[in-house]
Amino acid sequence: MPSTTAPTSLRRSLGLWAIVGLGLGYMTPMTVFDTFGIVTGETNGVVPSAYLFALVAMVFTAISYGRMTRVFPSAGSAYTYASETIHPNVGFLVGWSSLLDYLLLPLVNALIVRLYLESFFPQVPGWIWVVGYVVVITAMNLFSMSSTSRVNGILVVFQIVLIAVFVVLTWTAINAGAGNGTAFSLAPLFHAGVHLGAVIGGATVVCFSFIGFDAITMYTEEAKDARTVPRAIVLALMIGGAIFFVAAWFAQSRFPTLAGFHFTDDTLPEIALKTGGLLFQLLFISAAVAAAVASSLASHASVSRMIYVMARNGNGRLSRGLSYIHPRFRTPATAVLLVGAVSLLAAAFTLEFVSSMINFGALIAFTVVNATVIIHFAIRRRERGGARQIVRNIVLPGVGMLLTGVLWANLHLDALSYGVVWLTIGIITLLVITRAFRKPLRVKLDEDGDAAIITREGAPSGASH
């Protein structure tokens, strides 16, 4: 008798480049122009150096993510790795901290689109744009992950094409004597008056442009082959890093200072106007809207999967509701709708307030993932016998922890304050659901995407993979 049980796993529909595209969409290549003025002021005119420092810091962390996703081929990212390697309670707090960033990113994109549209249509109430936009993004994530990835891919290509046109126009202008007068000057990397502390401060701002590479791990259970996810992580990081660096290099070569800019908080419109005139400005702003849409699609998809995995590991009616998989669409329907509901708050919040809250959880996740590599390989599996194992299992993740620690030290005070409040709420929540640690959390891994779920009760044991 055939089974009539509805499928309880996510659909494996994403190939390598679809996942890379989702990562790039999350990273939003056009952001380099939005933050150009802020980072130029922060670094005294060496934006490419800030991106280079951030990229180096992220490479070590990306290696750690790639290794851990091979060990635990499950959605959930840092939450899963910390739960399995350290303790489910630690994993919950890591996931809770990351949830702040992931949950607010779709909201930020909706807010940015609201601001763009309000500037064009000031007579229309902003909440109308937010509601319409959020409904469309939520519906696309609810009905099909594969169609979401296709639309995201088109929008990412549109961004890259416009950035390429910017590079060509800027190259022509520089050769004609504008800016530094040459694209081969090292001034965008270093010049008199530049200090390492300022570069690190700028890297703290731009490093969150790279947050998409870790979000890729959320698609592990929807990848056609889970082994492609580690490759997708590195590819998305390196491609995104190259786009950021090249765009920043040409922008800094063309505009060594902010002289002549009226609005330095978001320099994208003025950069486009000064580069190619009104028509190019319209196209460039269109690409910026496309970037926000692509980031919305990718970030909405990833955070809904994190909520799904955290709920799947819980107990009770709420957990069952949040871990619900739609039997036809094979998407985490309740989690997708929840993220959409939170995104509606873009009608009321300001960009400054929301942005100040985003920076906290990402660095917690990055630090912990590097630590899980050391714990899993060097301590649990005792793979520290030779120079190669010491480098792979201790030195590389250790450097990743050190570099994320440097970025931690340069976080804005508001980000730390709001983050601590959010973490405190998470600790209280953990105390409630574990009854003051008397009831252990469960850890479930759906390792093949379609098979029965493996359940571990109580304290975690070393996973055998």
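Start by selecting R67 and F377: R67 lies over the face of the F377 ring, at 4.0 Å from the ring centre. As you look around, keep in mind that this is a predicted model.

A second contact of this kind is waiting at K274 and F261. Show both side chains, and you will find the charged end of K274 over the ring of F261, 5.3 Å from its centre.

**Aromatic pairs**

Now colour the aromatic residues. How many aromatic pairs does the structure hold? There are 17. One of them is Y65 with Y81, an edge-to-face pair with 6.3 Å from centre to centre and 65° between the planes. Show the helices as ribbons here: Y65 belongs to helix α4 (residues 47–71) and Y81 to helix α5 (residues 78–85), so this pair ties together parts that are 16 residues apart in sequence. Are these two tyrosines buried or exposed? Y65 counts as buried because its relative accessibility is 0%, under the 20% cut-off. Y81 is buried too, with a relative accessible area of 0%. If you are viewing a surface, hide it to see this pair.

Next, select F245 and W249. Their ring centres are 5.8 Å apart and their planes meet at 45°, so the pair is tilted. Both residues lie in helix α11 (residues 228–254), where they are four residues apart, about one turn of the helix. Turn the surface back on and compare the two partners: F245 counts as partly exposed, at 23% relative accessibility, whereas W249 is buried, with a relative accessible area of 12%. The 20% cut-off for buried falls between these two values, so the partners get separate labels.

For a bigger group of rings, select F33, F166, F280 and F284 together. Ring pairs link these four phenylalanines into a cluster.

**A nonpolar patch on the surface**

For the last stop, keep the surface on and select F120, F121, L273, L278 and L282. Together they form a nonpolar patch on the surface, with about 480 Å² of accessible area. Which helix gives the largest share of the patch? That is helix α12 (residues 268–312), which supplies three residues.

Now zoom in on F121, one of the patch members. Where does F121 sit? Follow the backbone to the loop between α6 (88–120) and α7 (126–143), and F121 is there. F121 is partly exposed, with a relative accessible area of 38%. This value is over the 30% that a patch member needs, so F121 meets that part of the rule.

How values were computed
Residues are numbered from 1 along each chain as its sequence is written. This is a predicted model: local features need pLDDT of at least 70, side-chain atom pairs count only at pLDDT 80 or more; totals for chains, interfaces and linings use all residues. Side-chain values use heavy atoms; hydrogens and water are left out. Patches are made of residues with over 30% relative accessible area and no salt bridge: like charges are joined within 9 Å, nonpolar side chains (Val, Leu, Ile, Met, Phe, Trp, Tyr) within 5 Å. Accessible areas come from the Shrake-Rupley method with a 1.4 Å probe; for residues, only the protein chains shown count as cover. A salt bridge is a side-chain nitrogen of Lys or Arg within 4 Å of a carboxyl oxygen of Asp or Glu. Helices (H or I, at least four residues) and strands (E, at least two) are DSSP runs, numbered from the N terminus. Buried means under 20% relative accessible area, exposed over 50%, partly exposed in between (1.4 Å probe, protein chains only). Rings of Phe, Tyr and Trp (its six-membered ring) pair if their centres lie within 6.5 Å; planes under 30 degrees apart count as stacked, over 60 as edge-to-face and the rest as tilted. A charge sits over a ring if NZ of Lys or CZ of Arg is within 6 Å of the ring centre and within 35 degrees of the ring normal.
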